[in-house]
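This briefing covers surface, strand pairing, cores, salt bridges and one enclosed helix. Please read it alongside the sequence and the model.

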Amino acid sequence: MIGFAKYHGCGNSFVIVREKELPPCDFSTLALHMCNSATGIGADGLIVVREEPALEMIFYNMDGSRAPMCGNGIRCFAAYCVDKKISPSLGFSVVTLAGTMDVKVVNTDPYMIRIGMGRPDFSPSSLGIDEKGDDFLRRTLHTDAGDFTVSSCFMGTVHTVVWTDEFPDEHIASQISEHPIFTEKTNVNFVKVIDPAVLRIKTYERGVGFTPACGTGACASLVLGIEAGKTYSRVKVLLPYGTLTVEQTEEGEVMMTGPAVKTAEGIYIQEEI
């Protein structure tokens, strides 16, 4: 039996467990079981809270693949740590595979959490692209679904942005996500510019599919929007189940502010993991 809590950030849902309370198990397999909506709890991802030697967020997608970071997930991680009194303060650092993130809990009722997401990396090597050059911006990808102009950056994880007026179907999204040039696949953000201060985004996450929200995707969309001259340095991102505020400082740091909501808590029963 495993104690868990379930949170969502703008509709992006996560099962959260403490590592010290887990039986010996493979986290990838655990994610497959717990995130399954038919036979488990159901969620977009699994977050394991590691408390020693430092506070760390270990994140797995619902398909069992590990991802370096998750923007909505780290806000839910922060809310969980406050709820469980794992953190003694409302400001703390969290270790992730994408680096150490600074967390500030702005409000607790309801939760509103600000995350220092670091700086974007435009190098092809960070994107899993085997080519020389300084960036992967305004490139044309040839797919079975047609040609698309894309720009990519690493913002906690690999993200690609397509500027659009109409959101596409899953076939088109998967064609871009699984394009051979991305050796580790890519998350794909279809971004509609309402005005330079407001965006609507539909994100296809590798290992998940279309999700209601993606925090790192919102950050990448802002960064690439600034680069393309389409947005201001601070934008609101309108999502089906909430709103994120994302901004880039003069120093290049990307900050994300948004909600985290607890929806369930209980015991997960699984005979074999």
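M1, I267 and I269 form a nonpolar patch on the surface, with a joint accessible area of about 400 Å². Patches consist of residues with over 30% relative accessible area and no salt bridge, where like charges are joined within 9 Å and nonpolar side chains (Val, Leu, Ile, Met, Phe, Trp, Tyr) within 5 Å. Accessible areas come from the Shrake-Rupley method with a 1.4 Å probe, and for residues only the protein chains shown count as cover. The model is predicted: local features need pLDDT of at least 70, side-chain atom pairs count only at pLDDT 80 or more, and totals for chains, interfaces and linings use all residues. Residues are numbered from 1 along each chain as its sequence is written, and side-chain values use heavy atoms, with hydrogens and water left out.

**The start of the chain**

- M1 lies in the segment before β1 (2–9); helices (H or I, at least four residues) and strands (E, at least two) are DSSP runs, numbered from the N terminus.
- M1 has a relative accessible area of 77% and is therefore exposed. The cut-offs are under 20% relative accessible area for buried and over 50% for exposed, with partly exposed in between (1.4 Å probe, protein chains only).

**Pairing around β16**

- β1 pairs with strand β16 (residues 254–268) in the antiparallel sense over seven bridges; two strands pair if DSSP finds at least two bridges between them.
- The bridge partner of K6 in β16 is A264.
- Strand β7 (residues 111–116) is also antiparallel to β16, over six bridges, and G116 has M255 as its bridge partner in β16.
- Strand β15 (residues 242–248) pairs with β16 in the antiparallel sense over four bridges, with Q248 opposite V254.
- β15 and β16 form a hairpin with five residues between them, and G252 in the turn has a positive phi of about 95°.

**β5 and β6**

- In a regular strand the side chains alternate between the two faces of the sheet.
- Along β5, F92, V94 and T96 point to one face and are buried, while G91, S93 and V95 point to the other and are not.
- β5 pairs with strand β6 (residues 99–108) in the antiparallel sense over six bridges, and the bridge partner of T96 in β6 is G99.
- Two residues lie between β5 and β6 in the hairpin that they form.

**Nonpolar cores**

- The largest nonpolar core has 53 residues, and those with the most contacts inside it are M57, F92, I113 and V246. Such a core is a set of buried Ala, Val, Leu, Ile, Met, Phe, Trp, Tyr and Cys residues joined through side-chain atoms within 4.5 Å.
- Helix α2 (residues 71–83) gives the most to this largest core, with eight residues.
- A second, separate core of 16 residues includes I2, V17, F27 and L46.
- Leaving aside neighbours within four places in sequence, I113 is in contact with residues including R75, A78, A79, V103, M256 and A260; contact means heavy atoms within 4.5 Å.

**Salt bridges**

- The structure holds 12 salt bridges, each being a side-chain nitrogen of Lys or Arg within 4 Å of a carboxyl oxygen of Asp or Glu.
- K20 and E51 meet in a salt bridge (3.8 Å, N to O). This pair links distant parts of the chain, 31 residues apart: K20 is in the loop between β2 (12–18) and α1 (27–35), and E51 in the loop between β3 (45–50) and β4 (56–61).
- K20 is exposed at 61% relative accessibility, whereas E51 is partly exposed at 21%.
- K84 forms a salt bridge with E265, the closest N and O atoms being 2.4 Å apart. K84 is in the loop between α2 and β5 (91–96) and E265 in strand β16, 181 residues apart.
- K84 is partly exposed at 31% relative accessibility, and E265 is partly exposed at 44%.
- In the salt bridge of R50 with E56, the closest N and O atoms are 3.6 Å apart. R50 is partly exposed at 23%, and E56 is buried at 15%.
- E19, R50, E56 and R66 are linked in a network of salt bridges.

**Helix α3**

- Six of the eight residues of helix α3 (residues 170–177) are buried, so α3 is largely enclosed by the rest of the structure.
- The buried residues of α3 are I172, A173, S174, Q175, I176 and S177.
- These buried residues pack against β8 (136–143), β9 (146–154), β10 (158–163), β11 (187–195), β12 (198–205) and β13 (209–211).
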